[in-house]
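Reader: Got a minute to go through this one with me? I'd like to start with the loops and then see where we end up.
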Amino acid sequence: MNYKIHNLADVQTDNIGNSTMIWQFCVVLKNAKIGSNCNINCNVFIENDVIIGNNVTIKPGVQVWDGVTLEDNVFIGPNVTFTNDLIPRSKQYPLEFSKTLVMKGASIGANSTIIAGNTIGKNALIGAGSVVTKDIPAHTVWFGNPAKHTGYITSEGKILDLNMTDKEGNTYQFLDDEFLKND
């Protein structure tokens, strides 16, 4: 065991990668899978049918419900809410919960809500307080309720507007899954 669990956390799974830290007041159920070098901040709940990749950061106050997968290098801001049941009823459970996928390198800002069954694409950025109601393409920026496409983001984190122009006026083109600055 080369991971750290705070003594005030309730961690029931042994499926945790090296160098992961789980802070106080977290609950992690027995079938959850957590990768290496993750930082699971205080007051996080992780259910059974959850897969968390490597180098993932989950800030305080997040619940990761059955059916959610977070790929490598994902950032989940404080108080992000995932859902997994589109028609919830007390004491009535679906045969299978909706699946939500947050792809490699994506970031979700504080207090955002991710409606069940959607995919957030590679390196996408969801702005704080947004409500995601549909699939989000890779390398795009979304804000609002419901979230609207407001721009693009490079793998290095440079924000581009809808015309693929940065704040300095440089224009970019998208080629082979990457943004290239025009000369």
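Author: Sure. Strands here are DSSP runs of E, at least two residues, numbered from the N terminus. Keep in mind that this is a predicted model.

Reader: OK, so where is asparagine 41?
Author: Asparagine 41 sits in the loop between strand S6 (39-40) and strand S7 (45-46).

Reader: Buried or exposed?
Author: Buried, because its relative accessible area is 10% and the cut-off for buried is under 20%.

Reader: And which residues is asparagine 41 in contact with, leaving aside neighbours within four places in sequence?
Author: Those would be Trp23, Cys26, Ile58, Lys59 and Pro60. Its side chain also makes a polar contact of 3.4 Å with the side chain of asparagine 39.

Reader: Switching to backbone oddities. What's phi for asparagine 37?
Author: Near 55°, so a positive value in a residue other than glycine. Most residues other than glycine have a negative phi. Asparagine 37 is in the loop between strand S5 (33-34) and S6, and is partly exposed at 44% relative accessible area.

Reader: What about lysine 91, where is that?
Author: In the loop between strand S13 (81-82) and strand S14 (100-102). Lysine 91 has a positive phi of about 60° and counts as exposed, at 69% relative accessibility.

Reader: Now the hairpin: how many bridges join S23 to S24?
Author: Four, with S23 (residues 172-175) and S24 (residues 178-181) running antiparallel. One pairing is glutamine 173 with leucine 180 in S24. Two residues lie between the strands, and aspartate 176 takes a positive phi near 55°.

Methods. Residues numbered from 1 in each chain as written. Predicted model: local features only at pLDDT ≥ 70, side-chain atom pairs only at ≥ 80, totals over all residues. Heavy atoms only, no water. Buried < 20%, exposed > 50% of the residue type's maximum accessible area, 1.4 Å probe, protein only. Polar contact = N/O pair within 3.5 Å; in protein donor to acceptor, adjacent residues only side chain to side chain. Contact = heavy atoms within 4.5 Å. Pairing = 2+ DSSP bridges.
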